[in-house]
Amino acid sequence: MTTSGPSLRSRPVRYGLAGHAPAPVTTEVDGVALVFEGGGMRGTYTAALVQVMLEAGLAFPWVGGISAGSTNTVNMVSRDLWRTREAFVGLPADPEAGGWSSFARGQGYFNSEHIYQHTSLPDERIPFDWPAFAASTSTVRIGAFRCDTGEEVYWGLEDMAQLTDLTARCQASSSMPLLMPVVHIDGVPYLDGALGPTGGFATDAALADGYERMLVVSTRPAGYRKPPERRAAAYRHLFRRMPAVAQGIIERPDSYNRTVERLEEEQRAGRVYLYRPERMPIENGELRYDRVSGAYEAGLVQARRELPRILEFLGL
């Protein structure tokens, strides 16, 4: 697959399940992969960038994400402006979305079964435009960690015949260890894809598909590095029946930091645009509406200001 530079063509697209916004002319950019980092509710801030890119009509040939980045991935591909915001900002208003009472009931701090399996149908809280998603010509990659073997697995449209196939995979990708239950797909146990070799970036999948140029959307500010994991023995005990999970947790700081350093090198070389929050006003478990909505609005300010630099990187 060539990565020599962008070429442009325009076509009409469906824009949202119920026509929540008019469709701009779509500008498709060849040769650049769009990669979304996870981070729980920190994805609210970067969802605002999805809105701004959709408003600008941008479409990418490759879109991939891990954990909360999977939500931004599927909303970008389905091109639904309303759902892009509501999938994050609407969560605090959903009494079944999560919290410590949900955790105490064994449903997880985020009730992933509810969020992913019972909100996306046409008559549910945040309906997903499956026909638009399934008709996309973009390569899609959703990453999750296979608990029994320690492998990172990436699913694409070819693995999804219907909406429930997609929502189960996004649920698996986003299920944080300890805080959320293991998700089984075809009898195989999965957890958050951030336990994999990149520490939470689907950049390895983009490279495997032939993309060297990437727009990588992080949920951490510049300069952030993960501290070493100091509870290794506790994790090995808690996950003694799934030692690969314990190892993934223990190795994640090194994996994450190594990936960020590589991305910074690629950014200096001009092959990567690394979009990072100027500040991150919320943590990954935030469920207070004022803080979540405030993070989205702050993300809009940065995204709109930074869009010209993104377009320059894309050659537009």
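This passage describes the nonpolar cores, the cavities, the surroundings of one serine and the cysteines of a predicted model.

The interior is considered first. In the largest nonpolar core there are 69 residues, and Phe60, Phe133 and Leu215 are those with the most contacts inside it. Helix α11, which spans residues 289-314, supplies the largest share of this core, namely 10 residues. A second core, separate from the largest one, consists of 17 residues, including Val35, Tyr211, Val216 and Val272. The surroundings of Phe60 can be listed in detail: when residues up to four places away in sequence are not counted, Phe60 touches Val29, Val32, Leu34, Met53, Met76, Ser138, Leu215 and Leu314. Leu215 thus appears in this list of partners and is also named among the residues with the most contacts inside the largest core.

The search for enclosed space found two cavities of 30 Å³ or more. The largest cavity holds about 330 Å³ of space, and its lining is made up of 23 residues, with Ala68, Thr71, Ile115, Tyr116 and Ser174 lying nearest its centre. Two or more lining residues come from each of the helices α2 (68-78), α3 (81-89), α5 and α7 (163-174). Among these elements, α7 gives the most to the lining, with five residues.

Ser120 is found in the loop that runs between α5 (112-117) and α6 (130-134). Although placed in a loop, Ser120 has a relative accessible area of 5% and therefore counts as buried, since the limit for that class is under 20%. Its side chain makes a polar contact, at 3.1 Å, with the side chain of Arg83. With neighbours within four places in sequence left aside, Ser120 is in contact with Arg83, Ile126, Pro127, Phe128, Leu163 and Thr167.

The cysteines were examined for covalent links. A disulfide is a covalent bond between the sulfur atoms of two cysteines. No disulfides were found in a search of the whole structure. Cys147 takes part in none, and the nearest cysteine sulfur to it, that of Cys170, is 17 Å away. Seen from Cys170, the closest cysteine sulfur is likewise the one in Cys147, and because the separation is 17 Å, the two are too far apart for a bond; the cut-off for a disulfide is within 2.5 Å. Both residues are nevertheless shielded from the surface by the measure used here, as Cys147 is buried at 1% relative accessibility and Cys170 is buried with a relative accessible area of 4%.

Key: Residues are numbered from 1 along each chain as its sequence is written. This is a predicted model: local features need pLDDT of at least 70, side-chain atom pairs count only at pLDDT 80 or more; totals for chains, interfaces and linings use all residues. Side-chain values use heavy atoms; hydrogens and water are left out. Buried means under 20% relative accessible area, exposed over 50%, partly exposed in between (1.4 Å probe, protein chains only). Helices (H or I, at least four residues) and strands (E, at least two) are DSSP runs, numbered from the N terminus. A polar contact is a pair of N or O atoms within 3.5 Å; within protein, one must be able to donate a hydrogen and the other to accept it, and residues adjacent in sequence count only if both atoms are side-chain atoms. Contact means heavy atoms within 4.5 Å. A nonpolar core is a set of buried Ala, Val, Leu, Ile, Met, Phe, Trp, Tyr and Cys residues joined through side-chain atoms within 4.5 Å. On a 1 Å grid over the protein atoms alone, a cavity is a set of points where a 1.4 Å probe fits but cannot get out, and a pocket is an open set with protein on both sides within 12 Å along at least five of seven lines; lining residues have an atom within 4 Å of a point. Grid points are joined across faces, edges and corners, and a volume is the space filled by probe spheres set on the points.
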